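Reader: I am in my first year and would like a close look at one part of this protein. Please take me through the strands that pair with one another, and then show me what lies around them.

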Amino acid sequence: MAASGTNSRPGSGVRAEYNATTVGKTLVTPDLMILRVRTDEPRSEFEAGQYTVLGMYGSEPRSPNSVAEADPAPPDKLIRRPYSIASTRTETQQFEFYISQVKSGQLTPRLFNLEMEGRLFVSKRIVGVFTLADTPPGCDVVMVATGTGMAPYVSFLRSHITERSGSKLAVIQGAAHSWDLGFYSELNFLASAFSNFHYLPTVTNGDKTWAGHRKWIEEILHEGTLQQETGIVMDPDRTHFFLCGNPKMVENVSALLADRGYTRHRRRSPGSLHIEEFR
Ligand SMILES: Cc1cc2nc3c(=O)[nH]c(=O)nc-3n(C[C@H](O)[C@H](O)[C@H](O)COP(=O)(O)OP(=O)(O)OC[C@H]3O[C@@H](n4cnc5c(N)ncnc54)[C@H](O)[C@@H]3O)c2cc1C
């Protein structure tokens, strides 16, 4: 049933464009959240890794731990931004997003201020080419992420892990601290349940309780850790790489892979290196 959108919670003002309701919000850290929304009307099935657009009005309140807007949004403007969907591809009405708060940004402090049942806009279109569609079924797939760059991979895995039993899949997730590793439990569970899936979290500022890698993602690749732990080789004919996250990580890893013969995948010139940029 469609929500009425007439309650008085933050983000729930009566706005014709608002067409979705907040049904879940998990703060991974104060500035990193998993947001679940239910659209009033179902969407079409989508491809894992695609994105849609979320929106809220400039008149909506901002989160208490944000700062003044660098570029203030007019109150009557619907602020829209694209976000990757973390849900499985067959989900048509309830969607999960993994969002980082840009404290001086226009939209994210308003999204962070949403409470349960708060209303917002979700585009009817789901688009994007950062998908597994152009990876041959037998190839190995390495997914490299920092921060919210994990969102499309969570969708990949939730949608396709059972279909790819004939190839190896790996996630290399980098963060400053272990508590910044969103979806850590789900990824560890998948690694224990599927012998062809390998999870390599790495933190640069781990405290003494962190037993995992403490390397930069670039080192994991350069020093051969990926191959030693998973058997996956950096060969563009056998392994496709996906990169999403911090622009410097994407630049460095792209350069490292270019040295191994990788070229960026584009519709007209297929390659084995797939990149999603969040800005
Ligand atoms: C295809 C695509 C998918 C995306 N998916 C996600 C996603 O899954 N999760 C997610 O959190 N974001 C995602 N983004 C980024 C998102 O669309 C917004 O740009 C981001 O949330 C900032 O919005 P804002 O209105 O709060 O900040 P704005 O008001 O737009 O930005 C203010 C300033 O902050 C800087 N800025 C913008 N983005 C970031 C950032 N991520 N980190 C630090 N500084 C930034 C910019 O320089 C800008 O000048 C995606 C972007 C694209 C293009």
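Author: Here is a walk through the paired strands, followed by two loops, a helix and the ligand shell.

Start with the model itself. It is predicted. The average pLDDT of the protein is 94, and 95% of the residues score at least 70. One stretch is an exception to high scores: residues 1-12 stay under 50 in pLDDT. The model still has 30 contacts for residues 1-12 beyond four places in sequence.

Now the overall picture. The protein has 6 helices and 11 strands. Its C-alpha trace spans about 55 × 40 × 35 Å along the principal axes. A compact globule with 279 residues would have a radius of gyration near 19 Å, and the protein agrees, because its own value is 19 Å. Buried residues account for 41% of the 279 residues. Contacts often reach far along the chain. Take those between residues at least 6 apart in sequence: 72% of them join residues at least 24 apart.

Next, strand 7, which covers residues 140-146. Is strand 7 covered or open? Mostly covered: 7 of its 7 residues are buried. Look at its two sides. Asp140, Val142, Val144 and Thr146 point one way. Val141, Met143 and Ala145 point the other way. Residues of both sets are buried.

Strand 7 has partners. One is strand 10, residues 239-244, and the two pair in the parallel sense over 6 bridges. Within that pairing, Val144 stands opposite Leu243 of strand 10. Another partner is strand 8: 6 bridges join it to strand 7, and the two run parallel. Here Val142 has Ala170 in strand 8 as its bridge partner.

Follow strand 8 onward. Strand 8 holds residues 169-175, and it pairs with strand 9 in the parallel sense over 7 bridges. Val171 stands opposite Tyr199 in strand 9. Strand 9 runs over residues 197-203, and 7 of its 7 residues are buried. Both of its faces are covered. Phe197, Tyr199, Pro201 and Val203 sit on one side. His198, Leu200 and Thr202 sit on the other. So far, then, the path has gone from strand 10 to strand 7, from strand 7 to strand 8, and from strand 8 to strand 9.

Now turn to the antiparallel pairs. Strand 1, residues 20-29, pairs with strand 2 in the antiparallel sense over 8 bridges. These two strands form a hairpin, with 2 residues between them. Thr29 has Leu32 in strand 2 as its bridge partner. Strand 2 also pairs with strand 5: 7 bridges join them, and they run antiparallel. Leu35 stands opposite Phe97 in strand 5.

Two loop residues are worth a stop. What lies between strand 2 (32-39) and strand 3 (51-57)? A loop, and Phe46 is in it. Phe46 counts as buried because it has 24 C-beta neighbours inside 10 Å, and 20 or more are enough for that label. Beyond its neighbours within four places in sequence, Phe46 is in contact with Ile85, Arg89 and Ile126. The C-alpha atoms of Phe46 and Arg158 are separated by 13 Å, though their positions lie 112 residues apart along the chain as a count of places apart.

The other residue is Leu114. Leu114 lies in the loop between helix 1 (108-112) and strand 6 (119-122). Leu114 is buried too, because 24 other C-beta atoms are within 10 Å. Leu114 and Ser63 are 51 residues apart in sequence, yet 8.3 Å apart in space, C-alpha to C-alpha.

Helix 2 comes next. It takes in residues 151-160 and is mostly covered, with 8 of its 10 residues buried. Among the buried ones are Ala151, Pro152, Tyr153 and Val154. Ser155, Phe156, Leu157 and Ser159 are buried as well.

Last, the ligand. Which residues come nearest to the ligand? Of the 19 residues around the ligand, they are Arg81, Gly105, Leu107, Thr108 and Thr148. By class, the shell has 11 nonpolar, 6 polar and 2 charged residues. Strand 4 (78-84) and strand 5 (94-100) each supply at least two residues of this shell. Strand 5 therefore appears twice in this tour: it also pairs with strand 2.

Terms used: Residues numbered from 1 in each chain as written. Predicted model: local features only at pLDDT ≥ 70, side-chain atom pairs only at ≥ 80, totals over all residues. pLDDT = per-residue confidence, 0-100. Contact = placed C-beta atoms within 7 Å. Helix = DSSP H or I, 4+ residues; strand = E, 2+ residues; numbered from the N terminus. Rg over C-alpha atoms; globule rule 2.2 N^0.38 Å. Buried ≥ 20, exposed ≤ 12 C-beta atoms within 10 Å, placed from the backbone. Near = placed C-beta within 6 Å. Nonpolar A, V, L, I, M, F, W, Y, C, P; charged D, E, K, R; others polar. Pairing = 2+ DSSP bridges.
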